[in-house]
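Student: I have a new model open on my screen and would like to learn how to read it. Could you take me through it step by step?

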Amino acid sequence: MRTFVLYVRQFRSAFQHRRYSFPSDLSRRQKVSENWQTSGASKPLHNAGIARYLLPVSMVTRNLVTDSAKVANEVKEVSRAGPLVEYDRRIAEGELVDGDNCQVGTLRELQRLYDDLVMSADACSLDRYEASEKAGRSRWLWSRFIPQSSYSPVKGLYLYGGVGTGKTMLMDLFFNQLPDSWRKRRIHFHDFMLDVHSRLQRHKGVADPLEVVAGEISDEAILLCLDEFMVTDVADALILNRLFRHLFSNGSILVSTSNRAPDKLYEGGLQRDLFLPFISTLKERCIIHEIGSSTDYRKMTSAEQGFYFIEKDASGLVKKKFQHLIGEHTAVPQEVEVVMGRKLQVPLGANGCAYFPFEDLCDKPLGAADYFGLFKKFHTLALEGVPIFGLHNRSAAYRFVTLVDVMYENRARLLCTAEGSPLQLFERIVTIADAQNMAPRTSSRSRKNDDFDLCVDNELGFAKDRTISRLTEMNSKEYLEQHAAMLAEKQLSQDDGDEKALQA
């Protein structure tokens with residue numbers, strides 16, 4: 001049935017396209033007829049006027065037959081496309097290990113969404129060209145006079161589950177199978193919210209800047225794929241419901257991954273009652289799917305010592321390793337531009353590598369914007385002195401979690417010294433449920449040493465598992481080989497660009 005609908009829709013669009021070519025066909029045929037009359041050649045029909053109108057019709061018929069044949073081929077290609085098909089191909093070729101039933105179940109959901117989007121591409125306006133820069137503001141202006149609402153006929157998908165279960169990989173598999181001509185965008189949630197706040201600054205004088213920003217975003221991309229949906233900032237929490245209500249009413253479709261079920265988002269956060277309507281909006285416009293796998297695929301990589309050194313007194317070790325990475329280049333203090341004109345001071349940088357003491361990067365009031373700015377310029381971070389986290393340095397723990405998220409998103413390399421293994425760094429960070437299940441201390445001495453620095457924090461308690469998993473993968477042989485390949489590819493592209501510049 002879907003194949004039949006695709007035939008009809010594509011045949012109709014082909015006919016509509018072809019009918020606008022009638023005038024040019026008529027003019028060409030009229031010239032041909034006039035040439036025949038001038039040369040004295042016999043006329044193909046006794047009535048040249050009729051010929052001028054009949055010939056293009058036959059030509060259009062032939063064109064439509066050709067177009068329908070092309071559509072048939074396209075439909076066959078679509079029927080063999082999608083994330084589930086690509087997943088099977090990669091497993092067959094040994095690019096991926098065979099996933100568990102939970103991953104396959106998630107892929108079926110993504111394949112269903114893929115098929116629905118292909119079927120409803122016109123209704124969802126996925127293949128339109130990017131709107132002008134003024135489209136968002138003009139949408140807002142017209143909506144003052146004419147109420148506008150255009151919800152997508154296709155619901156989005158919210159994927160959540162434990163760390164390392166392949167959520168990001170599966171979403172990327174889905175995203176990369178979508179046509180390049182579609183208005184789609186794949187972005188980390190941190191980066192997306194930074195973009196939103198930056199746009200809000202630009203539209204500060206408008207009565208409802210969120211509506212304008214939502215109009216701009218939906219004009220640029222109807223399909224939004226947001227990785228690692230995690231709300232920890234009260235400024236984000238307070239605007240999400242209104243922002244996404246505008247986006248959904250503009251026809252936007254959300255595909256997202258998260259470690260948290262919708263009902264657990266922003267749990268225990270300030271003014272959470274104002275955030276709760278967003279959860280209802282999310283459930284209304286997205287199908288919620290849990291990846292129930294307990295396998296952490298990141299920990300199945302080939303672990304090696306890599307660049308993670310467990311040293312409490314490692315003064316000079318990181319700088320020595322850092323110097324080895326930069327080679328003959330000289331490290332000097334540098335400056336990195338971040339959002340809204342702010343700048344981040346880099347103590348030492350050279351050859352794509354940046355050096356920081358932990359205190360300079362995670363004990364200061366920095367955030368995702370600063371880290372994204374840093375890794376736009378540097379591909380490797382040498383970080384000295386990562387401590388054990390607890391109640392006394394909870395803010396630094398939050399920043400370190402964000403730092404690792406940004407590094408992982410940018411596939412950056414981490415060279416660091418730490419007071420313990422990734423697991424040991426977060427042993428004193430627990431969720432409320434973990435704290436309730438902990439056995440009471442019998443020794444006053446052990447209570448003083450451990451419990452007084454125990455940090456009970458739901459958001460951080462959930463996020464730590466992701467950070468431990470990512471730190472483990474970032475230290476693996478596979479990750480470091482991918483990083484080296486990425487650098488080699490960038491260097492090759494740069495060399496090609498330099499060569500073309502010289503030739504020009």
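**Strands, loops and rings**

Tutor: Happy to! Let's start with one pair of residues: in strand 4, the bridge partner of Leu 226 is Ser 256. Keep in mind that this is a predicted model.

Student: How many bridges join strand 3 to strand 4?

Tutor: Look at residues 223-227 for strand 3 and residues 253-258 for strand 4. The two run parallel, and the number of bridges joining them is 4.

Student: Which strands stand at the edges of the sheet?

Tutor: The sheet is open, has 5 strands with parallel pairing, and follows the order 2-3-4-1-5. An edge strand has a single partner, so one side of it is left without a neighbour in the sheet. That describes strand 2 (184-188) and strand 5 (286-291).

Student: What angle does helix 11 make with strand 5?

Tutor: From one strand to the next, the twist averages 15°. Helix 11 (residues 276-285) packs on this sheet and touches strand 1, strand 4 and strand 5. Its direction and that of strand 5 make an angle of about 90°.

Student: Is Tyr 266 buried or exposed?

Tutor: Find Tyr 266 in the loop between strand 4 and helix 11. Its phi is positive, about 55°, although it is not a glycine. Most residues other than glycine have a negative phi. Relative accessibility is 4% for Tyr 266, and under 20% counts as buried, so the answer is buried.

Student: And which class does Asn 351 fall into, with its 40% relative accessibility?

Tutor: Asn 351 lies in the loop between strand 8 (343-350) and strand 9 (353-357). Phi is near 55° here too, a positive value in a residue other than glycine. At 40% relative accessibility, Asn 351 counts as partly exposed.

Student: How many residues apart are Phe 322 and Tyr 355?

Tutor: A search of the whole structure finds 17 aromatic pairs. Phe 322 and Tyr 355 form a tilted one, 6.1 Å centre to centre with 50° between the planes. Phe 322 sits in helix 12 and Tyr 355 in strand 9, so to speak distant parts of the chain, and the separation is 33 residues.

Student: Which residue has its charge over the face of Phe 462?

Tutor: Two such arrangements are worth finding on screen. Lys 184 lies over the face of Phe 175, at 4.4 Å from the ring centre. Over the face of Phe 462, at 3.8 Å from the ring centre, lies Arg 260.

Methods. Residues numbered from 1 in each chain as written. Predicted model: local features only at pLDDT ≥ 70, side-chain atom pairs only at ≥ 80, totals over all residues. Heavy atoms only, no water. Pairing = 2+ DSSP bridges. Axes fitted to C-alpha atoms, helices over the stretch in contact; angles between N-to-C directions. Contact = heavy atoms within 4.5 Å. Buried < 20%, exposed > 50% of the residue type's maximum accessible area, 1.4 Å probe, protein only. Phe/Tyr/Trp six-rings, centres within 6.5 Å; stacked < 30°, edge-to-face > 60°. Lys NZ or Arg CZ within 6 Å of the ring centre and 35° of its normal.
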